Amino acid sequence: MQTYIEENRDRFLSELLDLLRIPSVSADSKFKGDMLKAAEFVRESIEKAGADKAEIYETAGHPVVCGEKIIDPALPTVLIYGHYDVQPADPYELWNSPPFEPVIKNERIYARGACDDKGQFYMHIKALETMLATDTLTCNVKVMIEGEEEIGSSNLGTFVREHRDMLKCDTILISDTSIIANDVPSIETGLRGLTYVEVEVVGANRDLHSGVYGGGVANPINVLCEMIASLKDENGHITIPGFYDKVEALSAEERDALNAAPFDLDEYKRDLDIDDIRGEEGYTTIERTSVRPTLDVNGIWGGYTGEGAKTVLPSKANAKISMRLVPHQTDDEILELFTKHFESIAPGSVRVKVTPHHGGLPYVTPTDSIEYKAAELAMEESFGKKPIPTRGGGSIPIVALFEQELGCKSILMGFGLDIDALHSPNESYGLFNYYKGIETIPLFFKHYAELKR
């Protein structure tokens, strides 16, 4: 198997680079044609890997690509999940090279989607090809690669419910997460949920001259900033009533285990070029970014932002706000709490509107399951050391729905690194990580089949 990977190493990379050249940005309608092009690329790749079938399925939004290889109905079935859509590449001027013209530098692939999630899901397609070419496939394989993960997977729930029989499986394997370091393997055992909203604050019925009206009427930008600032207190604690009601406090033992993972705070600050950290008082950086809920402004705008000066009081101001959730919090409940509170703190001089975008539930997978043990054994075999269980700070909205609709657990066996700059300019993915994933995935199948006997 390793020989096959080495012999096809250059081709495996060349194919990934071709996929990265397709600007499959799901959030922007001008890329709709490229979304279809990417879906077809994925379909062809699954088919060429040796699948029995590979098809594109339309949804109310962007299409889903599904394929399968059934070698024996009596054997366990693993469903591979990933997404071919990527985040917008803006601002383009901050990229050192064009985001959709992949460049390899210092053993890393630089391109939008290199790690999130094209590089990671394509490992699975190449691993499937490798197992079939070397006659080492030990389980049935189903593949589902969607095109709306970066905008909340709003149509995937309907798709899963309508295709339960087609997607029926014993476990779901996902590579859309990271490891601690290339010499410190890890497996994420949980994800935070998400509530994402856009808020609007409206003042006068038109933009106003700041000299004529300044000081006499509300400035929506000022009001919005004051409202946002009030959402946290001086200790970084979120002030929305009821926000923490269902947040479960971890025991001292659980917190110690979480903080036992290798972490260098000075290196963390150097990597981000910051002088100090900031967050909820009473918690470590590891805890703040994994097991504590958050509230952050993801974008804010209003008024004149062009070249030069324009003395104007804007008619309205807007912001996008995301809240990461932890177990027992639900996106719908937090949306309701946020909306009620945001409306209640608005002064009478403005009108406010809260528009929900998308959300998802938190997720935790047990470390004593057969699925986790198989991933643990696979990574231990390929990395030469036992992986550390960690909790991820990000969200994959569909994971909780998978368990609800398909009745099985997901394993988050990703190969990214914190330095990959997900969602940022100059996103990258290590060549080591790409090939290590292709090497490790077949080992998961081997150990899973053995443990399921």
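Let me begin with strand β5 (residues 108–110), which three bridges join to β19, the two running antiparallel; strands here, like helices, are DSSP runs numbered from the N terminus, with at least two residues of type E for a strand and at least four of type H or I for a helix. Before going on, I should say that this is a predicted model, in which local features need pLDDT of at least 70 and side-chain atom pairs count only at pLDDT 80 or more, while totals for chains, interfaces and linings use all residues. Residues are numbered from 1 along each chain as its sequence is written, and side-chain values use heavy atoms, with hydrogens and water left out.

Back to the sheet. Three strands make it up, in the order β4-β5-β19, and it is an open sheet with antiparallel pairing, where two strands pair if DSSP finds at least two bridges between them. Because β4 (103–105) and β19 (428–430) stand at the edges with a single partner strand each, one side of each has no neighbour in the sheet. From one strand to the next the twist averages 25°, angles running from 0 to 180 degrees between N-to-C directions of axes that are lines fitted to C-alpha atoms, for helices over the stretch in contact. Within the sheet, I109 stands opposite Y429 in β19. Helix α2 packs on the sheet and touches β4 and β5, its direction making about 20° with that of β5.

That same helix brings us to the salt bridges, meaning a side-chain nitrogen of Lys or Arg within 4 Å of a carboxyl oxygen of Asp or Glu. The whole structure holds 24 of them. In one, E129 and R11 meet through their side chains at 2.4 Å, N to O, and this pair links distant parts of the chain, with E129 in helix α4 and R11 in helix α2, 118 residues apart. E129 is buried, at 8% relative accessible area, whereas R11, at 31%, counts as partly exposed; buried means under 20%, exposed over 50% and partly exposed in between, with a 1.4 Å probe and protein chains only. Salt bridges that share partners join R11, E15, K126 and E129 into one network.

Another salt bridge is formed by E405 and R161, with their closest N and O atoms 3.4 Å apart. Here too distant parts of the chain are linked, since E405 lies in helix α14 (residues 398–406) and R161 in helix α5, 244 residues apart. E405 is buried, with a relative accessible area of 11%, and R161 is partly exposed at 38%.

What, then, of the largest nonpolar core, and which residues touch the most other members? Such a core is a set of buried Ala, Val, Leu, Ile, Met, Phe, Trp, Tyr and Cys residues joined through side-chain atoms within 4.5 Å. This one has 62 residues, and those touching the most other members are V42, Y84, L173, M413, Y434, F444 and F445. Among the elements that give two or more residues to this core are α2 (9–20), α4 (118–133) and β6, while α15 gives the most, with ten residues. A second, separate core of 26 residues includes V199, F243, V326 and V354.

Returning to V42, and leaving aside its neighbours within four places in sequence, we find it in contact (heavy atoms within 4.5 Å) with L19, V65, Y84, F121, I125 and I145.
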